[in-house]
Amino acid sequence: MKLATKREIEEIRKRFLEHYPDSVTELHYRNLYELLVAVMLSAQCTDKRVNIITPALFERYPDIPSLANADLEEVKELIRTCSFFNNKAKNLIKMAQMVMDQYGGEIPLDEKELVKLPGVGQKTAHVVMIEFTKANLMAVDTHVFRVAHRLGLSDAKTAEGTEKDLVRKFKTDLHRLHQAMVLFGRYICTAKNPKCDTECFLQDLCKSKESFKAK
């Protein structure tokens, strides 16, 4: 598969920003605490499922102090319909305890500090900072990975390598481009039966459209 040229990259960027000018996460949250918890839960779980789970969780544990003192079994029960709920429940409580013990109850908005929290990897940290601070960062989930490769923006085998390619090629507006690629991959450039002929606004720039048939 050929990689996109500089001209094609600029056109892809332009169209993404035009079609998704004010794109934000589809996770429901009211503050930084709720955003971090929602993003942690969303790992290998759909945003739709997370949005179903979090209202009851936030009603029972509305902030960092309450979550730090939460009952593990109760947290497990509240999030049990989420993938990997056992580990996520443990990490949520440990995260809150670390925020209380080492950060005075304030979630750090710094990548190096965020990734120190249990259950928070680089992708989670980037998603939180992209959404909450509009940081010029890229995060690569399954949607972004798929879109990047179908458009010839990267041929890296890993999410980390793909992120580096996207940062290098786009350089700016990364927070907007990240969310645009997420939404594009979730609703148009889907894993199965992508909407090439009906909804795709990048079909002429796609490097892999011949490898599958749209229905």
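These are my notebook entries on the pockets, cysteines and backbone angles of this predicted model.

**Entry 1: the largest pocket**

I began with the open space. The largest pocket holds about 900 Å³. I counted 39 residues in its lining, and those closest to the centre are D47, K123, D141, H143 and R186. Next I asked myself which helices supply at least two residues each to this lining. They turned out to be α3 (47–60), α8 (122–133), α9 (142–150), α10 (159–170) and α11 (174–187). Of the contributors, α11 has the largest share, at seven residues. I also sorted the lining by residue class: 14 are nonpolar, 13 polar and twelve charged.

**Entry 2: the second largest pocket**

I moved on to the second largest pocket, whose volume is about 160 Å³. Here I could write down the whole lining: K6, I9, E10, R13, R168, K169, F170 and K171. Both α1 (6–19) and α10 bring at least two residues to it, and α1 gives the most, with four. I noted that α10 also supplies at least two residues to the lining of the largest pocket. How do the residues here divide by class? I found six charged, two nonpolar and no polar residues.

**Entry 3: the cysteines**

I then went looking for disulfides and came away with a count of zero. Why is C82 left without a bond? Its closest cysteine sulfur, in C45, sits 3.5 Å away, and the cut-off is 2.5 Å, so the pair is too far apart to be bonded. C196 is in no disulfide either, as the nearest cysteine sulfur, that of C200, is 6.1 Å from its own. I checked burial while I was there. C82 has a relative accessible area of 3%, so I logged it as buried. C196 is at 11%, and I logged it as buried because the limit is 20%.

**Entry 4: positive phi**

My last look was at the backbone, for residues other than glycine with a positive phi. K134 is one of them, with phi at about 60 degrees. I placed K134 in the loop between α8 and α9. Is K134 buried or exposed? Neither quite fits: its relative accessible area is 45%, so I put it down as partly exposed. D173 also has a positive phi, near 60 degrees, and is not a glycine. I found D173 in the loop between α10 and α11. With a relative accessible area of 27%, D173 goes down as partly exposed too.

Key:
Residues are numbered from 1 along each chain as its sequence is written. This is a predicted model: local features need pLDDT of at least 70, side-chain atom pairs count only at pLDDT 80 or more; totals for chains, interfaces and linings use all residues. Side-chain values use heavy atoms; hydrogens and water are left out. Buried means under 20% relative accessible area, exposed over 50%, partly exposed in between (1.4 Å probe, protein chains only). On a 1 Å grid over the protein atoms alone, a cavity is a set of points where a 1.4 Å probe fits but cannot get out, and a pocket is an open set with protein on both sides within 12 Å along at least five of seven lines; lining residues have an atom within 4 Å of a point. Grid points are joined across faces, edges and corners, and a volume is the space filled by probe spheres set on the points. Ala, Val, Leu, Ile, Met, Phe, Trp, Tyr, Cys and Pro count as nonpolar, Asp, Glu, Lys and Arg as charged, and the others, Gly among them, as polar.
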